[in-house]
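Student: Hi! I'd like some help reading a structure. Please keep it simple, I'm new to this.

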Amino acid sequence: MAQSEAARIEALRNLGILDTAPSESFDRITRMAARIFDLPVAAVSLTDSDRQWFKSRVGVDHWELPREKAPCAEVAENAEVVLIQDLLKSENYHDSPLGKSGVRFYAGAPLVTREGHGLGALCVVGPSPRSATDEEISALKDLAAMVMSQIEMQHAFGRIDPESGLPNRHQFFEDLEDLARDHAGEWRHAVVVDLLSGDDLTNLLRVAGPSALENLTARSLRAIRAALSSAKLYAVGQTQYAFVVESAEIGDVLAIVAQIRDETAGRADTIDAAFTANTTIGVAPVELGKVSARDVLRMASGASHDARDAGEAIGLYSRSLDDAHRRRFSMLEKLRRALVENAGLSLHFQPRVDLRSGGCIGAEALLRWTDPELGSVSPAEFIPLVEKTTLARSVTEWVVAAAVAQVAGWRALGIDLVVSLNISAANLVEVDFADRLIAELEKASLPSSAIEIELTESAVIANGASGFAQLDQIAAAGIRIAIDDFGTGYSSLSYLERLPADVMKIDRSFMANIGRDARTDTLVGTMITLAHDLGYRVVAEGVETIEVYDFLAEKGCDEVQGYLIARPLTPSAFVDWFKDAESRLEPEPARLSA
Ligand code: C2E
Ligand code: MG
Ligand code: MG
C-alpha cells in the first residue's frame with residue numbers, strides 16, 4: 001500500500017499538472033458535471049501527499065483542502081467511485097472538514113492513469129442528502145475519463161517536437177529515468193546524431209531556406225530509422241536526434257552508427273543534393289542509474305562535438321576529455337568573475353636588460369591570476385582559452401589599465417622604464433583597439449614611448465588587413481610593436497615586409513640548445529642578423545645561463561630577458577631589484593647575475 005502510494009504520487013507529479021493555471025478545457029467538463037446532477041458545486045480534485053488540489057472548480061472559492069478525511073482521497077486511493085448519500089450519517093465523514101462545512105451529498109468518479117494510478121476525482125457535492133441514479137454515475141465516470149484524456153494530451157504536447165513529431169528531450173529524460181529505475185546497474189549506449197554544425201545550419205537556412213532544411217531532415221530521419229530496429233528516436237535539438245541502444249556491447253552500437261553515417265552522408269539523388277548532411281555521431285556508454293539523464297545527453301552530444309572538432313564522423317565519449325572541458329569551462333567562468341570583481345589578478349614584471357650596457361631598460365608585464373578554488377593558474381593555460389572568447393577584450397583592457405597605472409607610478413618615483421604588454425590576436429579585431437590604447441596613455445599623461453606591445457606572428461597573420469589597420473595606427477602614434485615568440489610559427493616571412501614592428505623577440509625554446517647543437521647556434525645567429533638587416537632591435541627571451549648570455553652578446557643581440565637576470569617580479573620586488581641592479585652598475589658595467 002505504502003509503495004503504491006509512492007508510485008501514485010510520482011505519477012501525479014510527473015504529469016506536471018499540480019499548481020498549474022485554471023483552464024477552460026477542464027472547466028467545461030466540471031460545469032457539465034454540476035449540470036447533470038443539478039448541483040451547485042463540482043471540481044476536478046487531485047490528491048497530493050497532504051492536500052486535495054483543484055485543477056478546476058465551480059461553486060467553491062478555495063483551491064485546496066486538507067487531504068485528511070477528504071472523500072476524494074478515498075476515490076484516488078482505491079481508484080473507484082465513492083457515493084455518499086448523507087455525509088452526516090456516514091461513519092467516516094460525519095466529522096470531516098467537508099461534512100462540517102455543511103456538505104451532505106458527495107459523488108466522485110476516479111481519475112485513473114493508463115498504468116492504473118488514481119490521481120484524484122471528478123466530484124459533485126450538494127447541501128442536502130440525495131441519491132444518484134445509475135445514469136448519473138455513469139455520466140460522471142465518462143466525464144472523469146474525459147478529464148483524464150485532457151490531462152494526458154496536455155502532458156504529451158509538452159513532450160513532442162513540433163517540427164519532426166518525435167518525442168523531445170524532456171521525453172528522453174523521462175524515459176531514461178524510467179529505464180534507470182527498472183534496470184539500475186545495467187549498461188546501455190546513448191547516441192546523439194547531429195546532422196549539421198551550427199555554421200552549416202546557418203548557411204543552409206540563409207542560402208536555401210527552411211524547406212531545404214526540412215528535406216534534409218526528413219531524408220536523414222528516414223536513414224536513421226532504417227538503421228534502428230526498435231529503438232525509440234528523440235529530437236533533442238534543432239538538427240540533433242538521440243536514441244538509446246539496448247546493447248552493452250560497443251561493437252553492436254558501432255554497427256548501427258556506421259550504417260547511419262553511411263546512409264546520411266551526401267547522396268546526390270535529390271533536387272537539393274547540394275545541401276547534404278554533414279553528420280557527426282556521438283556515443284556515450286551509460287551505466288543506468290549512475291549518471292543523471294541530463295548528463296547522459298550532455299556526454300553523447302559532447303562526444304559528437306568533439307568528433308566534429310577533430311574532423312571525424314563518430315566520437316566516443318571519453319571521461320578525460322570531458323573533465324578537461326569542464327575545467328576549461330569553469331576556469332573561464334571564474335576568470336570572468338575575477339575581472340568583474342577585480343579580484344585575484346595582478347601583473348608581474350620581468351626585467352629586460354641591454355646587452356651592451358648591462359642596464360635594465362624595460363620590463364615585460366606578465367599577467368598573474370590566483371583563484372580561491374583553482375589556486376594560481378598559469379597564463380600559458382588560461383590565455384589560449386581566453387583568446388577564443390569575448391573575454392580577450394576585457395583581459396587586455398584590465399592589463400592595459402594596470403600596466404599604464406604602474407608605469408605612471410614608477411615615473412613619479414623617477415624610474416623611467418618601457419613596459420611591454422602582451423596583446424591577443426582577438427584584440428586586433430576590435431576596431432577601436434588602437435584608439436582606446438592611445439586614450440589610456442593620454443589619460444595618464446604618458447608619452448607613447450612608455451609602453452610597447454607584444455604580439456605573436458600568428459596573431460598578426462590571423463587578422464589580415466583589419467589587424468594591420470590597428471597596428472598601423474598604433475605605430476603611427478609612436479608606440480613600439482614587438483614580434484613575440486619569433487621562430488615558433490609556421491608562417492612565411494613575407495608578413496615582415498608589411499608589419500610596422502620595431503622589435504623581434506626570439507623565442508625561448510631556442511635558448512636551451514645554444515652551445516649544445518651547432519644548428520641552433522647557426523639558426524639563432526642568422527635570426528639576429530636577419531632581424532638587424534630588417535631594422536629590428538633583437539631581444540632574446542628565456543636566457544637562463546651565462547653561456548647563452550655570452551653567446552648572444554657575441555652575436556650582437558641587443559637585449560636579453562630570462563631567469564638569469566630575474567624571474568617575473570611583483571611591482572615592489574621589481575623596484576628593489578631595479579635599485580640594486582643600478583647600484584651594482586655604477587662603479588663598472590658588471591654582469592648581472594640571478
Ligand atoms: P611570453 O609573452 O612569451 O612571456 C614570456 C614567458 O616566458 C613568461 O611566461 C615568462 O615567465 C617566461 N620566462 C621568462 N624567462 C624565462 C626563462 O628564463 N626560462 C623559462 N623557462 N621561462 C621564462 P608566463 O608569464 O607564464 O606567460 C606565458 C605566456 O602567456 C606569455 O608568453 C604570453 O604569451 C602569455 N601572457 C602572459 N601575460 C599575458 C597578458 O597580460 N596578456 C596576454 N594576451 N598574454 C599574456
Ligand atoms: Mg611576451
Ligand atoms: Mg615570448
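Student: Is Asn-422 buried, partly exposed or exposed?

Tutor: Asn-422 counts as partly exposed because its relative accessibility is 28%. Buried means under 20% relative accessible area, exposed means over 50%, and partly exposed is in between, with a 1.4 Å probe and protein chains only. One thing to know early: this is a predicted model, where local features need pLDDT of at least 70, side-chain atom pairs count only at pLDDT 80 or more, and totals for chains, interfaces and linings use all residues. Residues are numbered from 1 along each chain as its sequence is written, chains are lettered from A and ligands numbered from 1 in written order, and side-chain values use heavy atoms, without hydrogens or water.

Student: Got it. Which residues are the protein donors of the magnesium ion (ligand 2)?

Tutor: They are Glu-364 (OE), Asn-422 (OD1), Glu-454 (OE) and Asp-484 (OD), at 2.0 to 2.2 Å from the ion. A donor is an N, O or S atom within 2.8 Å of the metal (3.2 Å for Na, K and Ca), and sites may look incomplete since water is not among the atoms. Along the chain, these donors follow the spacing E-x57-N-x31-E-x29-D. Glu-364 in strand 13 (residues 360–371) and Asn-422 in strand 15 (residues 418–422) are 58 residues apart, and this pair links distant parts of the chain. Strands (E, at least two residues) and helices (H or I, at least four) are DSSP runs, numbered from the N terminus.

Student: And Glu-364, buried or exposed?

Tutor: Glu-364 counts as buried, because its relative accessibility is 4%.

Student: What coordinates the magnesium ion (ligand 3)?

Tutor: Asp-484 (OD), Asp-485 (OD) and Glu-541 (OE), with Glu-541 (OE) listed twice, at 1.9 to 2.5 Å. Their spacing in sequence is D-D-x55-E. Asp-484 lies in strand 17 (residues 480–486), while Glu-541 is in the loop between strand 19 (537–540) and helix 18 (546–554), so the pair ties together parts that are 57 residues apart in sequence. Both Asp-484 and Glu-541 are buried.

Student: Wait, Asp-484 came up already! How far apart are the magnesium ion (ligand 2) and the magnesium ion (ligand 3)?

Tutor: Well spotted! The two ions are 4.0 Å apart, and Asp-484 coordinates both.

Student: New topic: how many salt bridges does the structure hold?

Tutor: It holds 43 salt bridges. A salt bridge is a side-chain nitrogen of Lys or Arg within 4 Å of a carboxyl oxygen of Asp or Glu. One of them joins Asp-178 and Arg-181, with the closest N and O atoms 2.8 Å apart.

Student: Where do Asp-178 and Arg-181 lie?

Tutor: Both are in helix 6 (residues 169–182), three residues apart, which is about one turn of the helix. In an α-helix there are 3.6 residues a turn, so residues three or four places apart point the same way. Asp-178 is partly exposed at 30%, and Arg-181 is partly exposed at 47%.

Student: Which residue meets Arg-51 in a salt bridge?

Tutor: That is Asp-48, at 3.0 Å from N to O. Arg-51 is buried at 12% relative accessibility, and Asp-48 is buried at 5%.

Student: Now helix 19, please. Which residues of helix 19 are buried?

Tutor: Phe-574, Val-575, Trp-577, Phe-578 and Ala-581. They cover an arc of only 165° around the axis (taken from the directions from the axis to the C-beta atoms), which puts them on the same side of helix 19. The face turned away from that buried side carries the exposed residues Ser-572, Asp-576 and Lys-579.

Student: How far apart are the end C-alpha atoms of helix 19?

Tutor: They are 21 Å apart, which agrees with the 21 Å that its 15 residues (571–585) should span at 1.5 Å a residue. The expected span is 1.5 Å times one less than the number of residues.

Student: Last one: what is phi of Ser-445 near?

Tutor: Phi of Ser-445 is near 55°, a positive value in a residue other than glycine. Ser-445 lies in the loop between helix 14 (433–443) and strand 16 (451–456), and it is exposed, with a relative accessible area of 64%. Phi of Ala-79 is also near 55°, and Ala-79 sits in the loop between helix 3 (71–78) and strand 4 (82–84).
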